[in-house]
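Visitor: I am new to this structure and would like a close look at a single part of it. Could you choose one place, stay with it for a while, and then lead me outward from there?

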Amino acid sequence: MAFDIAVIGAGIVGAACAHAFTQRGATVAVIERSLPASGTSSHCEGNLLVSDKGAGPELDLALHSLAMWPTLARSLEEELGSAMPSVEFEPKGGIVVTTTEAGAEPLIEFAAAQRDARVDARVLTHDEALEREPWLNPEITAAVYYPQDSQIQPTITTEALLAVARRHGAVSFNSHEVTGLERDRRGAVSGVTTTRGTIQAKHVVVAAGPWTGELSTRLGAPVPVAPRRGNVLVTSRMPHRVFHKVYDGDYFGATQSADAALQTAAVIESSQAGTVLIGSSREQVGFAEAMRAEVLAEMANKALRVFPFLADASIMRTYGGFRPYMPDHLPIASDDPRVEGLFFASGHEGAGIGLSIVTAELLAARILGGTATSPLGDIDPEPFDLRRASLKPYLEVAA
């Protein structure tokens with residue numbers, strides 16, 4: 001069987017693409033070297049955020065995506081019913097705080113710039129912040145509330161997107177590692193070769209997360225996506241004391257940093273299971289998986305500055321994962337001008353869960369025609385095109 005589109009990668013971005021393509025009537029193969037949601041999508045917190053993004057294309061994309069999530073989450077649960085657990089979409093809101101005098105003014109200024117870009121960013125008084133989060137450090141110096149920030153269970157959501165895609169004809173090829181591209185006499189894509197055979201397709205979408213750089217080189221069309229490691233601490237269950245996603249003002253700087261060295265910031269939230277999730281760290285160490293105690297300790301210490309009560313909490317487990325880092329901090333949702341029929345959906349770093357469905361919308365418009373839209377209107381694809389000026393130094397002519 002020849003497919004209209006082969007999607008490489010069954011994390012949430014690949015799953016969202018498969019869902020969007022099948023909703024438009026395309027035949028889709030989803031090719032995964034392991035099992036669905038076995039990589040980054042099962043090693044993260046499920047963030048759907050605007051609070052961590054400065055004014056610009058990524059923030060615009062996040063606003064479009066947040067406008068799409070409530071309807072999509074509801075439609076997944078309605079179609080699958082009791083066959084799938086809830087995707088746990090929760091518009092819990094976020095609060096960003098600072099604990100130093102030096103950090104207060106930059107946070108307030110950052111929020112003002114976001115308001116100019118259509119973000120609902122509300123500066124809280126000290127008392128208002130403690131009313132929303134009574135267990136906060138009372139010595140906080142500034143706080144901003146972001147009601148648009150939301151949360152979703154990323155593994156279940158990935159599985160749900162794939163389940164609906166399969167109901168509409170998608171075929172999953174698990175344990176198939178892609179080894180190369182098949183091309184026709186003109187050099188255009190005609191499929192992929194895998195460790196278990198050839199899969200024919202008119203178009204190929206690479207949605208391999210942090211492994212995109214490595215895979216793209218194998219396909220003869222390298223793109224500069226690299227792994228950036230992160231860690232999360234998980235406490236044992238406790239009474240509910242964290243009511244929003246709460247993080248310190250250092251988090252935005254860590255997400256935008258190009259420094260390969262360790263970057264940490266406090267990001268704290270409760271899960272529906274009663275645990276507290278504590279992040280975050282970022283460092284470029286390739287695909288090294290070893291946990292480092294000093295990284296976890298730095299994360300824990302920063303969390304204590306925000307919520308001192310966590311000093312009495314027990315850490316039940318920790319986990320780490322790799323995010324797809326791009327040197328210009330913008331994802332790719334584009335065809336590849338070097339190889340006809342090849343597309344990329346990657347490079348979201350820590351925003352992949354939230355931006356997955358809007359990325360899929362962009363790719364669906366690129367491949368199947370039409371205009372990418374959300375409830376907010378048309379979505380501008382140009383900032384996420386491989387042809388953008390910031391990527392020219394990194395791209396090589398395909399083999």
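Guide: Let us begin at Trp211, which counts as partly exposed because its relative accessibility is 21%, bearing in mind throughout that this is a predicted model. The ring of Trp211 is paired with the ring of Phe287, and since their centres are 5.3 Å apart and their planes stand at 10 degrees, the pair is stacked. This pair links distant parts of the chain, for Trp211 lies in the loop between strand S11 (197-206) and H6, while Phe287 lies in the loop between S15 and H8, 76 residues apart.

Phe287 is likewise partly exposed, with a relative accessibility of 29%. The ring of Phe287 also meets that of Phe322, with the centres 5.2 Å apart and the planes at 70 degrees, so this second pair is edge-to-face. Here too distant parts of the chain are linked, from Phe287 in the loop between S15 and H8 to Phe322 in strand S16, 35 residues apart. Phe322 is buried, its relative accessible area being 7%. In total, the structure holds 5 aromatic pairs, and elsewhere ring pairs link Trp135, Phe307 and Phe309 into a cluster. Above the face of Trp135 lies Arg241, at 4.6 Å from the ring centre.

The loops and strands around Phe287 lead us to a sheet, an open one of 8 strands in the order S5-S6-S4-S13-S14-S15-S12-S16, with mixed pairing. Strand S5 (122-124) and strand S16 (315-325) each have a single partner strand and stand at the edges, so one side of each is left without a neighbour in the sheet. On average, and with direction ignored, neighbouring strands of this sheet are turned by 25 degrees against each other. Within the sheet, strand S14 (residues 263-270) and strand S15 (residues 276-282) run antiparallel and are joined by 6 bridges, and Gln263 stands opposite Arg282 in S15.

Helix H8 (residues 293-306) lies across S4, strand S12 (226-235), strand S13 (245-248), S14, S15 and S16, and runs at about 60 degrees to S14. Helix H3 (residues 101-116), in turn, lies across strand S4 (94-98), S5 and strand S6 (142-146), running at about 25 degrees to S6. As for Tyr145, Arg132 lies over the face of its ring, at 3.9 Å from the ring centre.

Returning to H6, which follows the loop that holds Trp211, we find a salt bridge between Arg218 and Glu214, whose closest N and O atoms are 3.8 Å apart. Both residues lie in helix H6 (residues 212-218), 4 residues apart, which is about one turn of the helix. Arg218 is partly exposed, with a relative accessible area of 34%, and Glu214 counts as partly exposed as well, at 42% relative accessibility.

A further salt bridge, at 2.6 Å from N to O, brings together the side chains of Asp335 and Arg387. Asp335 lies in strand S17 (residues 332-335) and Arg387 in the segment after strand S20 (377-378), so the pair ties together parts that are 52 residues apart in sequence. In this pair Asp335 counts as buried, at 17% relative accessibility, whereas Arg387 is partly exposed, with a relative accessible area of 40%.

Notes:
Residues are numbered from 1 along each chain as its sequence is written. This is a predicted model: local features need pLDDT of at least 70, side-chain atom pairs count only at pLDDT 80 or more; totals for chains, interfaces and linings use all residues. Side-chain values use heavy atoms; hydrogens and water are left out. Two strands pair if DSSP finds at least two bridges between them. Helices (H or I, at least four residues) and strands (E, at least two) are DSSP runs, numbered from the N terminus. Axes are lines fitted to C-alpha atoms, for helices over the stretch in contact, and angles run from 0 to 180 degrees between N-to-C directions. Contact means heavy atoms within 4.5 Å. A salt bridge is a side-chain nitrogen of Lys or Arg within 4 Å of a carboxyl oxygen of Asp or Glu. Buried means under 20% relative accessible area, exposed over 50%, partly exposed in between (1.4 Å probe, protein chains only). Rings of Phe, Tyr and Trp (its six-membered ring) pair if their centres lie within 6.5 Å; planes under 30 degrees apart count as stacked, over 60 as edge-to-face and the rest as tilted. A charge sits over a ring if NZ of Lys or CZ of Arg is within 6 Å of the ring centre and within 35 degrees of the ring normal.
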